[in-house]
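The following exercises concern helix packing, backbone geometry and the surroundings of single residues. Each task is followed by a solution in steps.

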Amino acid sequence: MNQSKTKIEIVISEIEQQIKNRSLMPGARLPSVRKLANDLGFSVSTVVEAYERLIALGKIESRTGSGFYIVGPLAPLSLSELSPQLERSVDPLWISRQSLEAKADVFKPGCGWLPDDWMPLDSIRKGLRAAARSSDACLMGYSTPLGLPPLRDLLARRAQSKGIDANLHQVLLTDSGTQAIDLVFRFLLKPDDVVLIDDPCYFNFHALLKVHQVKVIGIPYTPTGPNLEVFKEAIETYNPRLYITNSGIHNPTGATLSLSTAHQLLKLIEQSNLIVVEDDIFSDFEYTPAPRLAALDNLSRVIFIGSFSKTLSASIRCGYIIAKPEWMDQLTDLKIATSFSHNGVSAEVLLTALTDGSYRKHIELLKVRLAKAMHDTITKLEPLGIKPWIKPQAGIFVWCHLPEGIEASKIAKYCINHNVILAPGNAFSQASNAGQFIRFNVAQSNHEHIYKTLADAIQQESS
């Protein structure tokens with residue numbers, strides 16, 4: 001309790017905070033004066049005075065014989081009001097903003113993408129030239145909301161190669177992988193639904209779920225997938241609506257879902273009302289493909305999403321959703337309501353880049369470069385006492401444990417003041433030990449300044 005405030009101010013502040021974070025919406029009935037006084041251990045007169053002041057402020061109203069109610073309008077949504085304030089060094093939205101706005105002399109081992117010079121620029125330029133020669137309708141008009149049919153057909157065939165039985169009519173193009181996730185959340189979730197997430201997980205899942213005002217339950221992630229015992233307990237306790245995961249290469253841990261865990265997981269899901277969102281954004285980095293829940297489940301309870309921002313271009317914004325046929329009309333309507341059409345030029349560029357014969361060679365080169373970068377990064381971190389949780393089979397991330405007694409948030413704060421942006425574990429997890437971890441992007445960790453700065457930070461914290 002804040003001792004610097006009067007009891008009346010405490011009551012007012014508590015109600016105002018619930019209005020800001022949308023726990024109390026316009027029209028919601030407040031507790032009776034006596035109940036709130038009893039809950040807080042305050043006098044009735046204190047609560048009466050607080051309610052009177054809130055009425056004077058125009059935030060609540062009294063209805064004779066009925067009680068006190070919240071009145072509108074809602075304040076604009078602020079993500080920072082939806083959860084406890086985080087230090088900037090571990091705030092995922094701030095970390096992303098710093099990485100996106102970083103100048104050329106800033107190093108970004110905490111970002112989630114490949115360096116520009118690792119990407120197939122010539123292929124993208126070729127796609128842009130092809131798009132420039134395309135029809136006037138492509139360059140000037142709205143596209144079908146489902147998106148470019150030849151690209152949808154290609155994505156369906158790529159899904160089939162993973163064992164997912166889908167056709168182009170089950171593919172909806174989006175403006176990014178993030179928009180794909182958000183559309184699915186809008187389609188399936190309502191406030192106060194329960195959503196299961198991996199712990200740790202991609203930090204933007206947390207941000208998107210905050211917007212939808214749901215209850216989030218973390219499931220500890222193991223080297224072979226989610227902890228099945230905890231998953232089962234969560235199903236039985238919370239009756240969750242949704243589970244979102246990476247089942248290829250997991251972000252941030254680099255772990256891979258095993259076939260045994262996948263089968264057991266689906267058995268649990270079949271006994272519940274749960275729907276799975278399977279984010280497949282890192283699949284092209286795999287050497288040995290992991291099992292896909294969408295394939296094992298035949299898209300019955302699984303929605304499959306992805307994009308090519310990690311392998312082709314983050315500027316050519318194009319993601320996709322693959323789902324069972326009976327959901328496609330509703331998802332398409334929602335797409336029209338939120339973005340109306342699709343970026344036809346991006347789709348044309350992406351189609352060319354995927355079909356001009358260069359993509360397979362590009363991916364094979366990326367795998368070799370990433371394997372070397374993974375080895376080099378782990379080798380350079382180990383003398384600092386920073387050790388991998390597991391050594392990933394593939395991908396761009398390694399999830400690392402810091403030396404005993406060293407806090408990731410303090411290391412991140414020191415490093416950002418020395419032009420190194422890190423991704424501390426607190427951004428990916430609410431677990432009590434999350435502050436002992438950092439995620440490194442191995443493709444962005446190839447400069448000695450990063451390791452020198454880390455060494456200085458650890459030495460400072462150790463002394």
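**Exercise 1: A loop residue with unusual backbone geometry**

With a relative accessibility of 1%, Leu 299 counts as buried, because the cut-off for a buried residue is under 20%. The model is a predicted one.

Task: Establish where Leu 299 lies and what is notable about the phi of Leu 299, then carry out the analysis for Asn 419.

Solution.
- Step 1. Leu 299 is placed in the loop between helix 12 and strand 9 (302–307).
- Step 2. The phi of Leu 299 is near 60°, which is positive although the residue is not glycine.
- Step 3. Most residues other than glycine have a negative phi.
- Step 4. Asn 419 also carries a positive phi, of about 65°, and is likewise not a glycine. Its loop runs between helix 16 and strand 13 (423–424).
- Step 5. Asn 419 has a relative accessible area of 32% and is therefore partly exposed, since that class lies between 20% and 50%.

**Exercise 2: Cis peptide bonds**

Task: Determine which residue precedes Pro 200 across a cis peptide bond, and which precedes Pro 252 in a cis bond; then locate both prolines.

Solution.
- Step 1. Asp 199 is joined to Pro 200 by a cis peptide bond with omega of about 10°.
- Step 2. Pro 200 belongs to the loop between strand 4 (194–199) and helix 9 (203–211).
- Step 3. From Asn 251 to Pro 252 the peptide bond is cis, and omega is near 20°.
- Step 4. Pro 252 sits in the loop between strand 7 (242–245) and helix 11 (259–270).
- Step 5. For context, most peptide bonds are trans.

**Exercise 3: The surroundings of Ser 283**

Task: Decide whether Ser 283 is buried or exposed, and identify which side chain makes a polar contact with the side chain of Ser 283.

Solution.
- Step 1. Ser 283 lies in the loop between strand 8 (275–279) and helix 12 (293–297).
- Step 2. The relative accessible area of Ser 283 is 10%, so the residue is buried.
- Step 3. The side chains of Ser 283 and Asp 280 form a polar contact at 3.1 Å.
- Step 4. When residues up to four places away in sequence are not counted, Ser 283 touches Lys 162 and Arg 292.

**Exercise 4: Two helix pairs**

Task: Describe how helix 1 packs against helix 3, then how helix 16 packs against helix 17.

Solution.
- Step 1. The axes of helix 1 (residues 7–20) and helix 3 (residues 44–56) come within 9 Å, crossing at roughly 50°. Helix 1 is therefore oblique to helix 3.
- Step 2. The crossing of helix 1 past helix 3 is right-handed. Helix 1 contributes Lys 7, Ile 8, Val 11, Ile 12, Ile 15 and Glu 16 to the contact, and helix 3 contributes Thr 46, Glu 49, Ala 50, Tyr 51, Arg 53 and Leu 54.
- Step 3. By class, the contact of helix 1 with helix 3 holds seven nonpolar, one polar and four charged residues.
- Step 4. Helix 16 (residues 408–416) and helix 17 (residues 448–462) have axes that come within 9 Å and cross at roughly 130°. Helix 16 is thus oblique to helix 17.
- Step 5. Helix 16 passes helix 17 with right-handed geometry. Lys 410, Ile 411, Tyr 414 and Cys 415 of helix 16 meet residues of helix 17 including Leu 454, Ala 457 and Ile 458.
- Step 6. The contact of helix 16 with helix 17 comprises six nonpolar, two polar and three charged residues.

Definitions and conventions:
Residues are numbered from 1 along each chain as its sequence is written. This is a predicted model: local features need pLDDT of at least 70, side-chain atom pairs count only at pLDDT 80 or more; totals for chains, interfaces and linings use all residues. Side-chain values use heavy atoms; hydrogens and water are left out. Axes are lines fitted to C-alpha atoms, for helices over the stretch in contact, and angles run from 0 to 180 degrees between N-to-C directions. Helices (H or I, at least four residues) and strands (E, at least two) are DSSP runs, numbered from the N terminus. Angles under 35 degrees count as roughly parallel, over 145 as roughly antiparallel, 65 to 115 as roughly perpendicular and the rest as oblique. A crossing is left-handed if the near helix is turned anticlockwise from the far one by less than a right angle, and right-handed if clockwise. Contact means heavy atoms within 4.5 Å. Ala, Val, Leu, Ile, Met, Phe, Trp, Tyr, Cys and Pro count as nonpolar, Asp, Glu, Lys and Arg as charged, and the others, Gly among them, as polar. Buried means under 20% relative accessible area, exposed over 50%, partly exposed in between (1.4 Å probe, protein chains only). A polar contact is a pair of N or O atoms within 3.5 Å; within protein, one must be able to donate a hydrogen and the other to accept it, and residues adjacent in sequence count only if both atoms are side-chain atoms.
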